[in-house]
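Here's a quick briefing to read with the model open beside you. It walks through a ring pair, some other aromatic spots, the two ligand sites and one helix.

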Amino acid sequence: MALISEGRFIEDAWRRLADEEALPKAGKVIVSLPRLQHALEVLAPDAALGVIVPNVTDPSALIDALPRLGLISISFPAFSDGRGFSLARLLRRAGFKGELRASGRLVADQYSHAVGCGFDTIEIPDDLAERQDEEQWRAALNVYTMSYQRGYSGRGSILEARRSAARS
Amino acid sequence: MTAVDLRVAQRPNAPLTTYRYDEYDAAFVRQRVAEFREQVRRRLSGALTEEEFRPFRLMNGLYLQLHAYMLRVAIPYGTLTARQMRQLADIADKWDKGYGHFTTRQNLQYNWPKLVDTPDILEALADVEMHAIQTSGNCIRNVTADHFAGVAVDEIEDPRPTAEFLRQWSSLHPEFSFLPRKFKMAVTGAAHDRAAILVHDIGLRIVRNDDGEIGYQVVVGGGLGRSPFVGKVVGEFVPRHDLLAFLEAIMRVYNRFGRRDNKYKARIKILVHEKGIDEIRAAVENEFAAMDRSVFAHDPNEFERIAGFFAPPPYETLPRDSQLLRAAKLGTPAFANFVDVNVSAHKIPGYAIVTVSLKPIGGVPGDATSDQMRVLADASERFGFGELRVSHEQNIILPHVKQDDLLALWRMLDAAGLATANAGLVSDIISCPGLDYCSLATARSIPIAQAISKRFADMSRQRRIGKLGIKISGCINACGHHHVGAIGILGLEKKGQESYQITLGGDPTFSASIGEILGPGVTAEQTPDVIEHLVDFYLAEREEGEAFIDTWRRLGHARFKDVLRREGEDGADI
Ligand code: HEM
Ligand code: SF4
């Protein structure tokens, strides 16, 4: 797996815990959604905890846990399945401040969509990372200087720019 | 200052009647071209597989057809300037085979571009403030509007500012570019629906409430394709300042809950059908209530800015009816026919709306050569403030022609083979490309359109028949809108043979209905005969001034079925 953050391939500080693995006392671990409740109960309140969720997850199932979570990883079953983008938006709207990660076969050309919807990091399989190297991911962030939408992260909004131009 | 005054002050020399890019729009389309150039390069280098490349080329209008790539260029809300039309002609000459095809969704298709040339074509489009963005793919497509926008006598408000507002909002949307399926929107601001809004994923109808406030009736879940549906009202009156928020709520519900397990069930019409409109409305309203709507707070100003571009051109003050026109009609019968059939009422006295038919008898519906495009550009400059429109009937409209100029315009069109006086008549056929171009086709459609058109070549007979829409699709996907044709023809394949299924009673307007199947399919050769018999039956049965669909509604489907049955008895196996 390769992890992309701010246009660079970086080391992953988190570890994905297999379901049969015991919960460690410390360290940044990501558990599956069925294990989340248990992890919340047994880990110390300040222990770093992340969860990986399917893209069809109902955000209300995570609401109570949000303040406790350092990372939420949303899995993309196919790069063309855009449900994860809406889920990311909803989690940000619900106040999630931690790392939001997209996990799956996303391509570099979707990077700015992901950032726009609130993702911080993208996790892709190695074979994809080989074809689409760091250079391509970095370039993808800089293709557009601005976007037409408001309320999405990443680039500046054209409408806001027009407004301030009209005011001055 | 009004928005219009402001805009004139800022850009004194720009054409007045349509949107012009500012620096942000211009930068955006250039960046889009640069991105696509890179994507093509990365496809060729192997960085992108064909599967990965596909959605990105589709979102730039590039389709793989039967014989070659096809590039679909957006003509937002169907409005073109003369300069843009000339550029489309030049592109057809330089990179294609000297012609283009105007489609039912206010797009232009080039049928023969090479993959490596497409970035240059997109660059040439950007030079004249055009693009091919989101003319294909599972995203919000080119937003269409009434082709008589701004000049129709029955209009509450010009729908084009709304369409442009939506074009910008939907362009490269971070959240809604990987939807379950394509998403089509249309807007009308008139009492008569010329934009077929009830058969779109979202249809918007501009309305005024009891307080005189402008807003939108929002219809969702219409569509054609293999399971046709008429859209249902999801928002009875959405005020303008809430429009984008409301649409965003619909899109989010669709993106999350639209089916992705079966691409034939992935359109929003299926979601609406399976859940029921009440459940969908509740979901949309909940989402709307939960949204942070402060980000949309300045929408009304932005809307005003855009609306400022769609000012009326500097019309002259003229008498309502032109004496010159009256005399010319008396003197030249062929011209009189053209005026009676192809010219519509304009809201300004002394002006007219002219439909230029791209349906010459026996021709390919919607095709125009580069020379014809240039003639149309010239004509619009000489007679119509340099503005043209593309209609969903695949014709070209000159929206502001002085009645006094109609004769000179007609002569110019006639010399270029563009004066066919059949707008709305039986030979003004809508047809998809079918088996001649399309890899999904199960039968030919263009040759069927040509054969029917030739069968009714006698123009006086066509005028006697009156308005009658025939629509033909070459497969179940219904690109030719056959479901909403008063007469619809669907080309299928049965045991290796082409078989044409005929439907009657389709209607794309506010009284929308889906056509009913007439009977067993007929062969390609029989199709013009059957159509002719149906038309003859209608002529024999109709009451004074009654349109085909009204006769059909009055007499009932069974009576028309008998026509086909008789056909079967005389004409052996059908
Ligand atoms: C090779 C070219 C084409 C291909 C492969 C193609 C493919 C398709 C497909 C698969 C659908 C059905 C989508 C669905 O129901 O989910 C469809 C619908 C449609 N297409 Fe095409 N098409 C082509 C050309 C055209 C052309 C030339 C036009 C316009 C003249 C057009 C306009 C439409 C329209 C209006 C629909 C309406 C159905 C709806 O939106 O419900 N298409 N097309
Ligand atoms: S209706 Fe079928 S044959 Fe015709 S263009 Fe659409 S997909 Fe092709």
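A:Trp137 is a good place to start: its relative accessibility is 0%, so this residue counts as buried. Keep in mind that you're looking at a predicted model. From that tryptophan we'll move to its ring partner, and then on to chain B.

**The Tyr–Trp pair in chain A**
- Across all chains, the structure holds 21 aromatic pairs.
- In one of them, the ring centres of A:Tyr111 and A:Trp137 sit 5.2 Å apart with the planes at 70°, which makes the pair edge-to-face because the planes are over 60 degrees apart.
- A:Tyr111 belongs to helix H3 (residues 111-116) of chain A and A:Trp137 to helix H5 (residues 134-141) of chain A, so the two rings tie together parts that are 26 residues apart in sequence.
- A:Tyr111 is buried too, at a relative accessible area of 2%.

**Other aromatic spots**
- One aromatic cluster draws on both chains: A:Phe76, A:Phe85 and A:Phe119 join B:Phe56 and B:Phe178.
- In chain A, look for A:Arg89 over the face of A:Tyr152, 3.7 Å from the ring centre.
- In chain B, B:Arg226 lies over the face of B:Tyr264, again with 3.7 Å to the ring centre.

**Around ligand 1**
- Ligand 1 has 23 residues around it, and the closest are B:Gln65, B:Thr104, B:Lys182, B:Leu224 and B:Cys479.
- Sorted by class, that shell has eight nonpolar, nine polar and six charged residues.
- Oxygen atoms of the ligand come up in several polar contacts: a polar side-chain atom of B:Arg181 is 3.4 Å from one, a side-chain N or O atom of B:Lys184 is 3.1 Å from one, and for B:Arg267 the distance is 3.0 Å.

**Around ligand 2**
- The shell of ligand 2 splits into eight nonpolar and four polar residues, with no charged ones.
- Among its residues are the cysteines B:Cys432, B:Cys438, B:Cys475 and B:Cys479.
- B:Pro433, B:Gly434, B:Leu440 and B:Ala441 are also included.
- B:Cys479 is worth a second look, since this residue turns up among the closest to ligand 1 and also in the shell of ligand 2.

**Helix H15 of chain B**
- Helix H15 (residues 446-455) buries B:Ile446, B:Ile448, B:Ala449, B:Gln450, B:Ile452 and B:Ser453.
- Those buried residues pack against strands E16 (430-431), E17 (470-473), E18 (487-494) and E19 (497-504), plus helix H17 (526-541), of chain B.
- An α-helix has 3.6 residues a turn, so residues three or four places apart point the same way.

Conventions
Residues numbered from 1 in each chain as written. Chains lettered and ligands numbered in written order. Predicted model: local features only at pLDDT ≥ 70, side-chain atom pairs only at ≥ 80, totals over all residues. Heavy atoms only, no water. Near = heavy atom within 4 Å. Polar contact = N/O pair within 3.5 Å; in protein donor to acceptor, adjacent residues only side chain to side chain. Nonpolar A, V, L, I, M, F, W, Y, C, P; charged D, E, K, R; others polar. Phe/Tyr/Trp six-rings, centres within 6.5 Å; stacked < 30°, edge-to-face > 60°. Helix = DSSP H or I, 4+ residues; strand = E, 2+ residues; numbered from the N terminus. Buried < 20%, exposed > 50% of the residue type's maximum accessible area, 1.4 Å probe, protein only. Lys NZ or Arg CZ within 6 Å of the ring centre and 35° of its normal. Contact = heavy atoms within 4.5 Å.
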